[in-house]
Amino acid sequence: MKRPNALPVLLGAGVGVLVLVGAALGAGLYDVSATAKPSRLEEGFASFVVDRAVARRAPKGPNPVSITPEVLARGLAEYRGHCLVCHGAPGVRPTGISKGLNPPAPDLAQPDAQEGTDGELFQVISAGVRMTGMPAFSLSESPETLWKLVAFVRHLPKLSDEERAALAGPPGVRPEEPAAAR
Ligand code: HEC
C-alpha cells in the first residue's frame, strides 16, 4: 500500500497557523502597550536575539581606557546626564520614566548586567537596542567617552558615599569634575 505523503498536510497546517496569527495581529489582539506584561515567549525570544546580536558585534578585549579617578568622575557625570533617568543607580529614587519603560531598563549594578564583557557593555551603549528605549550613544558621544561610561558602569556596584550623593543630588547640579576629566 502506498504511504500517505505527510508533506502537503504539514505545509497546509503551517499556512493555516500563519493565516490565524496574521488575522489575530490584524485584528489588534496583540497588546503592545507598555503596561502589558510581555508573554514568556516574547521575553525569551527577544533577550536571546539581543544577547546573540550584541555578542557578535562587541569589540574584543578589555576597556582600552585606564581606570583613574578622573575617568570615573567623567563617567559619573555622563551617566548622570544620559543614563540615570532610565537605569537609576544605587541609592537614587526611580523616576517616572524608568517606572514606565517596558522592557525595563535593567539595574546596571546587578550581577545580571555586570556579567557581560566590557566589549558587550560598549556595544549596547554605542549601538543601542532597537524597539526597547535603549538609545545609541555612538551618534552623540566619542568612543572614548563611551569607554569611560563602561568604566563607570563597572564601578556602579561599589559607589562611594560621595558618588551616591553626587548621583542623587538635585537635577541640574553637576558633580565636581577635575579639570583634567573634561
Ligand atoms: C530612555 C531610556 C534609556 C536610557 C536613557 C538609557 N538606557 Fe540603557 N537600556 C534601556 C532599556 C529599556 C534597556 C533594555 C534593553 C533590552 O531589553 O534589551 C537598556 C539596556 C542597557 C544595557 C544592557 C543591560 C543588560 O543587562 O543587558 C546597558 C549596559 C545599558 N542599557 C547602558 C546604558 C547607559 C550606560 C546609558 C547612558 C549612556 C543608558 N543605558 C541610557 C533604556 C535606557
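## Two packed helices

In this predicted model, helix H7, which spans residues 118-127, packs against helix H8, which spans residues 143-155, at an angle of about 120 degrees, and the axes of the two helices lie 9 Å apart. Angles from 65 to 115 degrees count as roughly perpendicular and those over 145 as roughly antiparallel, and H7 and H8 are therefore described as oblique to each other. The crossing of H7 and H8 is right-handed.

## Residues at the helix contact

On the H7 side, the contact is formed by Asp118, Gly119, Leu121, Phe122, Ile125 and Ser126, while H8 contributes Pro143, Leu146, Trp147, Leu149, Val150, Val153 and Arg154. Sorted by character, the residues of this contact between H7 and H8 comprise nine that are nonpolar, two that are polar and two that are charged.

## The shell around the ligand

The ligand has 23 residues around it, and among these Cys83, Cys86, His87, Thr132 and Met134 come nearest. For histidine 87, an N or O atom in the side chain is 2.7 Å from a nitrogen atom of the ligand.

The two helices described above also take part in this shell, since H7, H8 and helix H4 (84-87) each supply at least two of the residues around the ligand. The helix that gives the most to the shell is H7, with three residues. In character, the shell around the ligand divides into 19 nonpolar residues and four polar ones, with no charged residues, whereas the contact of H7 with H8 includes two charged residues.

Methods: Residues numbered from 1 in each chain as written. Predicted model: local features only at pLDDT ≥ 70, side-chain atom pairs only at ≥ 80, totals over all residues. Heavy atoms only, no water. Axes fitted to C-alpha atoms, helices over the stretch in contact; angles between N-to-C directions. Helix = DSSP H or I, 4+ residues; strand = E, 2+ residues; numbered from the N terminus. Parallel < 35°, antiparallel > 145°, perpendicular 65-115°, else oblique. Left-handed = near helix turned anticlockwise from the far one by under 90°. Contact = heavy atoms within 4.5 Å. Nonpolar A, V, L, I, M, F, W, Y, C, P; charged D, E, K, R; others polar. Near = heavy atom within 4 Å. Polar contact = N/O pair within 3.5 Å; in protein donor to acceptor, adjacent residues only side chain to side chain.
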